[in-house]
Amino acid sequence: MISQRVKLGRLELRNPVLTASGCFGYGVEFDDFFDVHELGGICTKGLSLLPRLGNPPRRVCETPSGMLNAIGLANIGVEAFCREKLPVLRERGITVVANVFATSLDDFAELARRLDRESGVHAIEINVSCPNVTHGGIEFGRVPELAAQVTARVRSVTSLPVWVKLSPEAGDVVAVARACEAAGADALSAINTIRGMSIDIERRRPRLANRTGGLSGPALRPIALRVVWEVAGAVSIPVIAIGGITSGSDALEFLMAGASAVQVGTANFADPCAAKKVADGIREYCERHACNVTDVIGAARHP
Ligand SMILES: Cc1cc2nc3c(=O)[nH]c(=O)nc-3n(C[C@H](O)[C@H](O)[C@H](O)COP(=O)(O)O)c2cc1C
């Protein structure tokens with residue numbers, strides 16, 4: 001019997017496919033399309049202590065093999081999430097990773113404490129890599145010492161697994177990864193978007209009101225794969241891969257590079273069933289090669 005189960009430290013997933021933060025709402029919205037419970041899990045839209053409206057429109061535009069977004073972390077806030085969304089997810093038995101965003105260490109700690117009180121949250125993913133906000137976000141993720149401080153602070157107030165989401169814009173992303181591991185992270189997610197830009201030549205203006213936005217989708221995939229390869233080779237905690245994954249084959253490249261699980265983001269906008277299709281594609285490959293998914297993890301690293 002072929003197994004799709006993976007272990008991310010203390011957390012075991014039924015398969016290695018999660019949805020990426022900001023690309024799958026709060027999880028419940030997609031139940032009309034397929035049974036979300038069949039996924040390894042979902043990452044929520046980035047939650048802050050208070051609700052946020054985000055940036056003014058226009059906030060997204062298409063680019064070759066991808067898209068730019070400058071949503072600015074619009075979200076309903078942690079209280080509304082716990083009250084309105086989490087009970088449905090809990091009831092459905094869905095593995096929930098709460099993605100969180102704050103502009104200070106104290107606020108990160110308060111968010112983690114709040115989520116720690118709820119059953120049905122299985123891990124906290126710290127976003128220290130958002131390029132679309134003026135304060136917080138990538139400011140914490142660029143400097144290894146700051147990323148470590150956020151990690152240690154969240155770690156100290158929760159017993160939930162703590163994941164840190166990295167940015168390739170960190171400069172030395174491996175140094176940030178090592179600092180987060182040393183500060184107590186249980187896993188690392190890589191990568192967030194990379195800043196890009198698009199100009200409408202008829203209007204002679206940037207397409208996004210924020211001018212720049214985060215590039216995501218297949219255009220990002222080779223960069224994400226390189227970062228996952230480097231980070232997985234440098235730390236001993238699990239790495240969760242993100243960046244342009246649209247099929248089982250894409251996901252398998254990341255697993256073979258050393259990721260223990262993957263997240264599907266932008267692909268959900270083109271096809272709401274994308275994450276399920278990625279999970280099906282991995283399972284079919286394992287059936288064809290008569291192996292468990294854990295046999296594939298890191299396979300391309302072996303000499
Ligand atoms: C519209 C949009 C909103 C996003 N919001 C968040 C967010 O709130 N928190 C976060 O950590 N990442 C956020 N991301 C980044 C994604 O989770 C993911 O890291 C990135 O898009 C790369 O993966 P992909 O190419 O599969 O989309 C967002 C991405 C998009 C496209």
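Start with helix H2 in this predicted model: its buried residues pack against helix H1 (78–91), strand E7 (96–100), strand E8, helix H3 and helix H4. Those buried residues are Phe108, Ala109, Leu111, Ala112, Arg114 and Leu115. Notice that an arginine, Arg114, is on that list. H2 itself has 12 residues and reaches 16 Å from its first C-alpha to its last, close to the 16 Å expected at 1.5 Å a residue.

Now hop over to H4, one of the partners of H2. H4 covers residues 144–157, so to speak a run of 14 residues, and it reaches 21 Å from its first C-alpha to its last, close to the expected 20 Å. Which of its residues are buried? They are Ala147, Ala148, Val150, Thr151, Val154 and Val157. Here's a handy rule for reading a list like that: an α-helix has 3.6 residues a turn, so residues three or four places apart point the same way. The buried residues of H4 pack against H2 (105–116), E8 (123–127), H3 (138–142), strand E9 (162–166) and helix H5 (173–182).

Just look at the loop between H3 and H4, and you'll find Val143 there. Val143 counts as partly exposed because its relative accessibility is 33%. Its C-alpha is 11 Å from that of Ser167, and the two residues are 24 apart along the chain.

Next, the pockets. Rolling a probe the size of a water molecule over the atoms shows where empty space is left. The largest pocket has a volume of about 500 Å³, and 33 residues line it. Lying nearest its centre are Ser21, Cys23, Asn69, Asn192 and Thr193. Strand E6 (66–69) and strand E16 (261–264) each supply at least two residues of this lining. Sorted by class, the lining has 14 nonpolar, 17 polar and two charged residues.

The second largest pocket has a volume of about 200 Å³. Its lining includes Glu62, Met67, Phe269, Asp271 and Lys277. Which elements give two or more residues to it? They are E6, helix H8 (267–270) and helix H9 (274–288), and H8 has the largest share, with three residues. By class, this lining divides into six nonpolar, three polar and three charged residues.

You may wonder about the cysteines. How many disulfides does a search of the whole structure find? Zero. Take Cys43: its sulfur can't form a bond because the closest cysteine sulfur, in Cys23, is 10.0 Å away, which is too far. The sulfur of Cys61 also has its closest cysteine sulfur in Cys23, and at 15 Å that is too far for a bond. Cys43 counts as buried at 1% relative accessibility, and Cys61 is buried as well, with a relative accessible area of 4%.

Finally, here are some backbone details to hunt for. A cis peptide bond joins Pro57 and Arg58, with omega about 0°; Arg58 is in the loop between strand E4 (41–43) and strand E5 (60–63). Another cis peptide bond joins Ala190 and Ile191, with omega about 20°, and Ile191 is in the loop between strand E10 (187–190) and strand E11 (194–197). Arg211 has a positive phi of about 70° although it is not a glycine, and it counts as exposed because its relative accessibility is 56%. Ala290, in the loop between H9 and helix H10 (293–296), has a positive phi near 45° and is exposed, with a relative accessible area of 64%.

Conventions: Residues numbered from 1 in each chain as written. Predicted model: local features only at pLDDT ≥ 70, side-chain atom pairs only at ≥ 80, totals over all residues. Heavy atoms only, no water. Helix = DSSP H or I, 4+ residues; strand = E, 2+ residues; numbered from the N terminus. Expected span 1.5 Å × (residues − 1). Buried < 20%, exposed > 50% of the residue type's maximum accessible area, 1.4 Å probe, protein only. Contact = heavy atoms within 4.5 Å. 1 Å grid on protein atoms, 1.4 Å probe; cavity = no way out; pocket = protein on both sides within 12 Å on 5 of 7 lines; lining within 4 Å. Points joined across faces, edges and corners; volume = space filled by probe spheres on them. Nonpolar A, V, L, I, M, F, W, Y, C, P; charged D, E, K, R; others polar. Disulfide = S-S within 2.5 Å.
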